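Trainee: I am new to this structure and would love a close look at one part of it, the place where its helices pack together. Could you walk me through that part slowly, and then show me what lies around it?

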Amino acid sequence: MAGFVYLDNGATTQVAPEVRAALEPLLTRPLGNPAALHQLGVDAHTLLQEARTIVAAAVGLPASGLVFTSGGSEANALALLGVARRRRRPGHLLVSAIEHPSVLETCRALGEEGWALTELPVDAHGLVDPAAVAAQLRPETVLVSIAHGNHIVGTLQPLRDIVRAVRRQRADVLIHTDGVQSFLKEPLDLRAVGVDLVSLSAHKVHGLPGSGALVCGPGVTLRPLWRGGLQEAGRRAGTPNLLGAVAFGVAVTRGLATRASDVPRLRQLRDRLQTLLQEAIPGLRVNGHPTARLPGHLHVSLPGVSSEPLLHALEARQVIASAGSACHAAARALEPVLVQLGYRDSERWGHLRLTLSRETTAEEVDHAAAAIVAAQLEVARAHR
């Protein structure tokens, strides 16, 4: 599909040219297993460790704490299950009600094993109240998990305040954040903030799909999700995805080098798109926090239409967008965050998640705005 405007970067980003260039020579010569003792294995291990150091340093932690995974969902599962299953008896988990499905469903599965689970509500902007987190702590609380940036509406949580509120009462509780959406868009130094674990994903930052990481702070121990070899310091069995890890490191290096210019530009383009839509579509709602929001993230709800026909009408106009999480796309029910924000299945709203990247241009934003306005009118007429 040539000439389209891609505004679904919250689902996956396009592979960066620098990543493709770095991988090309690796695809044309023999690669060893990083655990092998021969020279090809040593070379592969060196590449793996270089990537590990780059990604871990981007969140302020040493390489020894990073476990490469198949993506953000596995990283979330390893954080939650890896911490929970160290214990001999179930405890209590505390999460927000708007977490990614890989967090909510994993916690609910632990609930079936006897764990107590509290799902915290959010305010009208999708914000978690730090005081509410502290108020729900129990003597048996083991882990708090709050995503840094919401995957649907883009709201950024006050992580530092949440950590302080928890630590004032319980210094021993571990704190995990899903950093998949915010990584390289917002600074996240785990040591400075005080978070113990963060989940990351390569394909959200122009790396390869199928690669991610869980970064653990000092003293955090995990039980692996499955047994096997002793790869990843015994925390994840199986031969690691070497090409994915190398690509992740290259993408992070490139993202850090351009972040100072990328983030203001993304924020400017997002605000331009928001203004164009607000001026042209009466009754349009912008969801998420007005200022504490991911820089390239815009979630809007359009009155009088439904999401699916709206997305098809947009695609016919060469604009690719989504209604929400790709992990939730097969479900007909509303995203949990939209329910928290007061939307109901019985109401007719077309929800659009418009997520930009460093490749997005002002011309594409203008084209997308015009296409959304035209698509909304077309679908609204068809519904009459």
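Mentor: Happy to! Let's begin with helix α9, residues 307–316, and helix α11, residues 362–383, which pack with their axes 9 Å apart and at an angle of about 130 degrees. An angle of that value makes α9 oblique to α11. The crossing of these two helices, α9 and α11, is right-handed. Please keep in mind throughout that this is a predicted model.

Which residues make the contact between α9 and α11? On the α9 side, look for Pro-309, Leu-310, Ala-313 and Leu-314. On the α11 side, the contact is made by Ala-371, Ile-372, Ala-375, Gln-376, Glu-378, Val-379 and His-383. Sorted by class, the residues of this contact of α9 with α11 come to eight nonpolar, two polar and one charged.

Helix α11 has another partner that is worth a visit, and this is α8. The two pack at an angle of about 25 degrees, and their axes are 10 Å apart. Angles under 35 degrees count as roughly parallel, and that makes α8 roughly parallel to α11. Here too the crossing is right-handed, as α8 passes α11. From α8, the residues that take part are Leu-269, Arg-272, Leu-273, Leu-276, Leu-277 and Ala-280. They meet Ala-362, Val-365, Asp-366, Ala-369, Ile-372 and Val-373 in α11. By class, the contact of α8 with α11 holds 10 nonpolar residues, two charged ones and no polar ones. If Ile-372 sounds familiar, that is because the contact of α8 with α11 includes Ile-372, and Ile-372 is also listed in the contact of α9 with α11.

Now follow the chain out of each of these helices. Beyond α8 comes the loop between α8 and β9 (285–287), where you will find Pro-282. With a relative accessible area of 70%, Pro-282 is exposed. Its C-alpha atom and that of Gly-10 are separated by 26 Å, and the two residues are 272 places apart along the chain. In the loop between α9 and β11 (319–320), pause at Gln-318. Gln-318 has a relative accessible area of 29%, so this residue is partly exposed. Its phi is near 70 degrees, a positive value in a residue other than glycine. Most residues other than glycine have a negative phi.

Leu-184 shares that feature, for its phi is also near 70 degrees, positive in a residue other than glycine. You will find Leu-184 in the loop between β6 and α7. With 10% relative accessibility, Leu-184 counts as buried.

Aromatic pairs come next, and the structure holds three of them. In one, the rings of Phe-4 and Tyr-6 have planes at 75 degrees and centres 6.4 Å apart, so the pair is edge-to-face. Phe-4 is partly exposed, with a relative accessible area of 30%, whereas Tyr-6 counts as buried at 16% relative accessibility. Another edge-to-face pair joins Phe-183 and Phe-248, with 6.3 Å centre to centre and 90 degrees between the planes. This one brings us back to α8: Phe-248 lies in helix α8 (residues 242–280) and Phe-183 in the loop between β6 (174–178) and α7 (190–193), so the pair ties together parts that are 65 residues apart in sequence. Both Phe-183 and Phe-248 are buried.

Let's finish with strand β7 and the loop after it. Is Ser-199 buried or exposed? Ser-199 sits in strand β7, residues 197–201, and its relative accessibility of 0% means that it counts as buried. Setting aside neighbours within four places in sequence, Ser-199 is in contact with Gly-72, Ala-75, Asn-76, His-176, Thr-177, Asp-178, Gly-179, Val-180, Ala-213 and Leu-214. In the loop between β7 and β8 (212–216) you meet His-203, which counts as buried at 17% relative accessibility. Not counting residues up to four places away in sequence, His-203 touches Ala-11, Thr-12, Thr-13, Leu-208, Pro-209 and Ser-211. As for Arg-167, its C-alpha atom and that of His-203 are separated by 33 Å, with the two residues 36 apart along the chain.

Conventions. Residues numbered from 1 in each chain as written. Predicted model: local features only at pLDDT ≥ 70, side-chain atom pairs only at ≥ 80, totals over all residues. Heavy atoms only, no water. Axes fitted to C-alpha atoms, helices over the stretch in contact; angles between N-to-C directions. Helix = DSSP H or I, 4+ residues; strand = E, 2+ residues; numbered from the N terminus. Parallel < 35°, antiparallel > 145°, perpendicular 65-115°, else oblique. Left-handed = near helix turned anticlockwise from the far one by under 90°. Contact = heavy atoms within 4.5 Å. Nonpolar A, V, L, I, M, F, W, Y, C, P; charged D, E, K, R; others polar. Phe/Tyr/Trp six-rings, centres within 6.5 Å; stacked < 30°, edge-to-face > 60°. Buried < 20%, exposed > 50% of the residue type's maximum accessible area, 1.4 Å probe, protein only.
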